[in-house]
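Good morning, colleagues. I should like to take you through one structure today, beginning with its aromatic side chains and then turning to its sheet.

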Amino acid sequence: MMKLMLVVGSMAVLLALASARPQNDVEVLEYESENTGLGGYKFSYKLSDGTSRTEEGVVNNAGTDNESISIRGSVTWVAPDGQTYTINFVADENGFQPEGAHLPK
């Protein structure tokens with residue numbers, strides 16, 4: 001019974017948050033997606049509000065004990081103050097490594 005109450009309570013909070021969000025008419029201007037199978041993936045999109053994102057994942061050392069994935073990408077958005085921000089990132093065996101003019105070094 002406690003789990004059910006927790007799920008119902010969580011759903012109510014999510015619905016309240018979703019209805020409190022500003023409703024914007026953002027359109028998808030471009031979208032590309034390619035699943036290269038076991039070797040990786042890539043996708044990109046651009047939205048009418050100035051948001052864009054690209055990402056590519058590649059499997060390194062496939063089939064070995066050292067198998068890992070390396071992800072490179074970027075995301076750009078326009079903040080409420082009109083400023084455009086971009087984060088370029090790498091995520092690999094060295095962790096998540098974001099870079100952006102607005103981020104501390």
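**An aromatic cluster and its sheet**

Tyr 41, Phe 43 and Tyr 45 come together as one aromatic cluster. Please bear in mind that what you see is a predicted model.

Let me begin with the pairs. A pair of aromatic rings is described by the distance of the centres and the angle of the planes. Four aromatic pairs are counted here. In one of them, the ring centres of Tyr 41 and Phe 43 lie 6.4 Å apart and the planes meet at 15°, so this pair is stacked; the limit for stacking is an angle under 30 degrees. Phe 43 also pairs with Tyr 45, again in a stacked arrangement, with 6.4 Å from centre to centre and 10° between the planes.

Are these three rings buried or exposed? Tyr 41 has a relative accessible area of 23% and is partly exposed. Phe 43, at 22% relative accessibility, is likewise partly exposed. Tyr 45 is also partly exposed, with a relative accessible area of 23%. The class follows because buried would require a value under 20%.

I turn now to the sheet. How many strands form it, and in what order? There are six, arranged as β1-β2-β3-β4-β5-β6 in an open sheet with antiparallel pairing. The edges are taken by β1, residues 28-35, and β6, residues 95-99. Each of these two has a single partner strand, so one side of each has no neighbour in the sheet. On average, and ignoring direction, neighbouring strands are turned by 10° against each other.

At one edge, β1 pairs with strand β2, which covers residues 40-47, in the antiparallel sense through seven bridges. Within this pairing, Glu 30 is found opposite Lys 46 of β2.

Finally, I would draw your attention to one residue of β4. Ser 70 belongs to this strand, which spans residues 68-78. Which side chain does the side chain of Ser 70 join in a polar contact? The partner is Asn 60, and the contact is 2.5 Å long. Leaving aside residues up to four places away in sequence, Ser 70 touches Glu 56, Gly 57, Val 58 and Asn 60, together with Ala 91, Asp 92 and Glu 93.

Thank you for your attention.

Key:
Residues numbered from 1 in each chain as written. Predicted model: local features only at pLDDT ≥ 70, side-chain atom pairs only at ≥ 80, totals over all residues. Heavy atoms only, no water. Helix = DSSP H or I, 4+ residues; strand = E, 2+ residues; numbered from the N terminus. Polar contact = N/O pair within 3.5 Å; in protein donor to acceptor, adjacent residues only side chain to side chain. Contact = heavy atoms within 4.5 Å. Phe/Tyr/Trp six-rings, centres within 6.5 Å; stacked < 30°, edge-to-face > 60°. Buried < 20%, exposed > 50% of the residue type's maximum accessible area, 1.4 Å probe, protein only. Pairing = 2+ DSSP bridges. Axes fitted to C-alpha atoms, helices over the stretch in contact; angles between N-to-C directions.
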